[in-house]
Amino acid sequence: MIKLEIFLQTLIQGLLLGGLYSLIGVGMTIIMGVMKIINLAHGELMMVAMYIAYVLFTAFQIDPYFSILIAAPVLFFLGIALQKYLINPVLRVEAIIPENQVILTVGIGMVLANLATIIFQSDYRQTPLSYASKTWYLQDYWKSSPVDLSITAPWLVTFLVAVLITLGLWFFLARTDMGKSIRATAQDSEAAMIMGVNVDRMRVITFGLGSALVGAAGCLFIPIYYIYPDIGGQFTLISFVITILGGLGSTVGAILGGLVLGLFESLTATYVGMGWAPVGRFAIFVAALVFLPGGMASLLKSKRMK
Amino acid sequence: MMKNAFPYIGLGALLLFPLLGFSSYLMHIAILVIMWSVIGMAWNLLGGYCGQVSFGHAAFFGVGAYTAGMLYSKLGLSAWWGIPASIVVVTLVALVIGYICLRLRGPFFALATLSMGVILRITAENLVKITGGDIGIMIRERTWVEKIWYYYIILALAVMTFLVVKQVVGSKLGYYFVAIREDQDAAESLGIDTTYYKTVALCLSGVITGLAGAFYTNYMGYIDPKVVFALHDISIITIMVVMVGGAATFSGPVVGAVIMVLLAEMIRSIPKLGAAHHTFFGLLLIVIIIFLPNGIVGDFEKIRKLFRTRQEQP
Amino acid sequence: MSLLEVCAISRFFGGLAALKDVSFEVRKGEILGLIGPNGAGKTTLFNVVNGFYRPSQGEVRFQGGRISGLKPHQICKRGMARTFQVVKPLQRMSVLDNVIASAFLRAGNKQQAAEAALEILAFTGLQQDRDVISKSLPLGKRKRLEIARALATKPELLLLDESFAGLNPSEIEALISIIRDIRERGITIMIIEHHMRVIMSISDRIVVLNYGQKIAEGTPLEIGRDPLVIEAYLGEAQHA
């Protein structure tokens with residue numbers, strides 16, 4: 001019974017983490033879909049949002065969940081500025097090494113992480129929230145339950161908000177004119193241009209949007225995690241793994257990829273050991289590369305065909 | 001005439017350099033510059049000529065370093081055995097990494113290699129019984145106290161690497177590498193087994209980098225996973241060495257190594273700025289990519305023109 | 001004697017069939033024209049024949065052996081070379097180096113490769129441009145470089161994908177004579193072409209594709225009179 005309880009608890013934890021991962025992964029995926037580049041400063045942008053939320057909390061006691069409303073727009077404009085003034089000019093530069101823009105985003109990430117270290121020192125910081133340890137137990141509500149499962153308030157709220165934002169994004173991409181233009185640009189930028197879509201503008205907006213999404217994710221992480229300046233690199237890698245897992249550029253794939261990764265990491269942490277969770281992350285990544293080159297998106301497609 | 005003699009004069013100067021009685025600190029800097037030249041030349045073979053940009057060369061450097069370290073800590077052998085041993089070990093690792101990553105193209109290859117570096121770091125951190133984990137490996141008996149012998153060993157490695165690169169680039173292999181860089185589909189349809197040749201480039205580049213890693217263990221006498229598998233301080237600096245100097249040029253990696261090592265030392269020596277060295281490197285990277293995308297050697301004409309027009313307009 | 005046999009090839013993308021049950025053969029020493037309206041599946045067929053795509057059904061046989069399933073470089077080694085509709089020169093290499101890179105396939109060392117390359121450059125009339133970096137070549141010469149590069153692999157069968165598109169009349173005349181010379185050397189040619197006058201004048205036989213299916217096969221004279229072919233082309237003209 002204990003074994004089952006641990007297993008179920010691990011699944012719940014993995015699902016909650018996966019919801020958040022989905023949000024992080026989706027941000028990178030839409031940038032990749034539209035720009036055809038990988039933004040290796042993705043995690044560092046998230047880190048910037050985390051420090052914004054942290055400062056808002058310590059200075060004005062603003063709840064991290066509310067600071068999404070501030071941090072996400074700030075990140076939106078930061079993303080736009082990066083795209084317009086750094087990345088876009090480089091797209092036109094000719095060089096021997098083809099991965100110029102990717103290396104450029106590495107440079108941006110290095111600067112952001114290092115500046116954070118200078119401003120905030122490399123200490124681990126946490127925001128003490130009143131509800132941080134509020135926990136609900138299953139047996140409090142269902143006395144005769146054979147297993148006792150628990151869920152903490154910040155994890156649940158974070159998960160729900162992440163799902164809400166992801167659904168909002170999906171609605172935006174599927175239903176609004178601008179969302180459709182973005183999707184058209186991602187599919188075939190030349191065709192989109194002929195159809196009258198302002199492709200350059202869509203690229204800039206998409207970069208802003210992707211940054212805003214990961215910014216929101218950063219705020220959602222504050223109540224459940226601690227922050228330190230180098231935290232970004234790890235999330236850049238996570239979002240890349242999700243992007244590969246999901247199938248390059250596929251939004252639905254990224255959402256599934258995030259969930260799968262969350263579950264898998266949680267399982268590795270429980271059954272192999274905490275320190276190995278990141279290895280589990282990469283093991284599944286390697287497995288996806290070798291056995292499922294098109295990612296989750298290819299599975300979805302082949303199902304639809306039947 | 002002068003052009004033919006230049007490499008020999010350069011080599012002579014490098015051979016005589018340690019005899020001039022520089023301080024141990026300057027010798028240390030010289031050794032670092034040569035070591036980074038080796039790594040840069042190795043990366044250039046894969047990234048500059050073959051067009052496969054690796055973000056994970058720390059994987060090879062670290063495996064080389066740990067091969068040397070573990071021969072010492074586990075088998076009680078001299079860590080110098082790591083140099084021949086790392087050729088075998090790194091080749092195997094490169095084959096595995098190649099099998100996984102080379103099916104991806106462009107930026108996805110880059111990121112996949114980056115992940116490989118991280119995987120190896122985490123593995124080294126967690127396999128405490130084998131690698132010593134975070135504590136790392138300390139080589140207690142140093143072979144020499146004076147730096148001069150280390151200098152000559154790494155110089156020999158650098159000369160060897162330079163000759164290998166020169167030989168490869170002028171041969172069928174070099175033509176095939178560049179053909180793959182310029183257009184993989186065209187190369188494939190011209191009868192070039194792109195997967196095979198990319199694997200060759202990866203192995204060559206990895207082994208040379210691994211040799212530098214094995215040297216590093218012997219020279220520094222201490223390694224730990226965070227240092228030898230470092231993403232920024234090894235993998236990214238490797239790319240910067242080549243990008244600053246000039247990709248797909250013979251002298252680019254050497255020029256890049258000189259600049260990067262000196263810059264790093266300068267920044268570190270100024271106490272207030274030391275903490276910001278990644279900011280400087282990041283900014284340098286951004287500036288280079290925007291203004292000198294082919295590096296100092298590759299865009300030398302651009303630099304010369306810039307100075308000429310300045311002189312003409314007083 | 002047939003050099004290449006395309007046997008009941010189909011190729012699907014998603015649910016769509018780009019090629020449906022296409023069969024024909026290329027005989028040793030002939031020039032076979034492959035025509036059809038836009039989107040008929042001509043380039044897809046080349047990609048299947050040269051190994052970029054695996055056929056979904058059917059098989060391709062070359063010099064008596066099955067080649068479908070092999071990789072492009074293996075097929076090239078067996079003696080088949082191709083050019084691309086959208087030219088793919090090795091941009092930052094000189095014209096000579098482009099051809100040397102391909103000549104290495106059949107050369108023992110660099111000197112042999114260079115000799116072979118120079119000979120081919122002379123043959124294709126590119127010797128004056130040998131040191132030009134290929135991305136700065138004008139289109140007409142880039143198309144010729146594609147052919148030179150393919151020839152350097154010493155093929156038995158040469159696949160030409162719209163080598164005439166975008167050329168001016170004098171360039172077209174020059175290229176026609178080069179293609180005839182290539183055939184004189186004993187190399188079999190399969191050519192995709194939109195330019196009707198060119199295809200009618202140089203082809204021995206023609207295969208016509210429409211919507212991924214073969215609708216006709218025969219001599220230029222027969223094809224010119226075939227009602228199905230005329231309808232396919234008229235249909236296209238009406239859409240355009």
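**Strand pairing, domains and contacts in a predicted model**

In strand 5 of chain C, C:R66 is the residue that stands opposite C:R61. This pairing belongs to a predicted model, and it offers a handy place to start a tour of chain C before turning to its domains and to the contact of chain B with chain A.

C:G65, also in strand 5 of chain C, stands opposite C:F62. Strand 4 of chain C and strand 5 (residues 65-66) of chain C run antiparallel and are joined by two bridges. The hairpin that these two strands form has two residues between the strands. C:Q63 lies in this loop between strand 4 and strand 5 of chain C, and its phi is near 50°, a positive value in a residue other than glycine. Is C:Q63 buried, partly exposed or exposed? C:Q63 is partly exposed, because 16 other C-beta atoms lie within 10 Å.

Strand 4 of chain C has a further partner. Strand 1 (residues 2-13) of chain C and strand 4 (residues 57-62) of chain C are antiparallel, with five bridges between them. Here C:F62 in strand 4 of chain C appears again, standing opposite C:L4. In general, strands of a sheet pair through backbone hydrogen bonds, either parallel or antiparallel. Taken as a whole, the sheet in chain C is open, holds four strands in the order 2-1-4-5 and has antiparallel pairing. Which strands form the edges of the sheet? The edges are strand 2 (16-27) and strand 5 of chain C, each of which pairs on one side only.

Edge strand 2 of chain C contains C:D21. The phi of C:D21 is near 50°, and this is a positive value in a residue other than glycine. C:D21 counts as partly exposed because it has 14 C-beta neighbours inside 10 Å.

At the level of domains, chain C is assigned a domain 1 (2-79 + 155-239) and a domain 2 (87-154). The centres of domain 1 of chain C and domain 2 of chain C, taken over C-alpha atoms, are 24 Å apart. Where the two meet, 13 residues from domain 1 of chain C and 12 residues from domain 2 of chain C take part in the contact. On the side of domain 1 of chain C that touches domain 2 of chain C, at least two residues each come from helix 2 (72-77), strand 7 (157-161) and helix 6 (169-184) of chain C. Helix 6 of chain C supplies the largest share of this side, five residues. By class, the residues of the side of domain 1 of chain C that touches domain 2 of chain C are nine nonpolar, two polar and two charged.

Attention now moves to helix 4 of chain C. How does the span of helix 4 of chain C follow from its 14 residues? For residues 110-123, a rise of 1.5 Å a residue predicts 20 Å, and the end C-alpha atoms are 20 Å apart, so the two values agree. The buried residues in helix 4 of chain C are C:A113, C:A116, C:A117, C:I120 and C:L121. These residues lie on the same side of helix 4 of chain C, because they cover an arc of only 140° around the axis. The buried residues of helix 4 of chain C pack against helix 3 (95-103) and helix 5 (139-151) of chain C. Just after helix 4 of chain C comes C:G125, with a positive phi of about 70°.

Beyond chain C, the contact of chain B with chain A involves 39 residues of chain B and 39 residues of chain A. On the side of chain B that touches chain A, helix 2 (24-49), helix 5 (106-126), helix 12 (231-245) and helix 15 (277-291) of chain B each contribute at least two residues. Which of these helices gives the most? Helix 5 of chain B does, with 11 residues on the side of chain B that touches chain A. This side of chain B has 25 nonpolar, 13 polar and one charged residues.

A last stop in chain B is B:Y8, which is in helix 1 (residues 2-16) of chain B. B:Y8 counts as exposed because it has 9 C-beta neighbours inside 10 Å. Along the chain B:Y8 and B:I130 are 122 residues apart, and their C-alpha atoms are separated by 45 Å.

How values were computed. Residues are numbered from 1 along each chain as its sequence is written. Chains are lettered from A and ligands numbered from 1 in the order in which they are written. This is a predicted model: local features need pLDDT of at least 70, side-chain atom pairs count only at pLDDT 80 or more; totals for chains, interfaces and linings use all residues. Domain bounds come from an automatic or database domain assignment. Two residues are in contact if their C-beta atoms, placed from the backbone, lie within 7 Å. Ala, Val, Leu, Ile, Met, Phe, Trp, Tyr, Cys and Pro count as nonpolar, Asp, Glu, Lys and Arg as charged, and the others, Gly among them, as polar. The expected span of a helix is 1.5 Å times one less than its number of residues. A residue is buried if 20 or more other C-beta atoms lie within 10 Å of its own, exposed if 12 or fewer, and partly exposed in between; C-beta atoms are placed from the backbone. The arc is that of the directions from the helix axis to the C-beta atoms. Two strands pair if DSSP finds at least two bridges between them.
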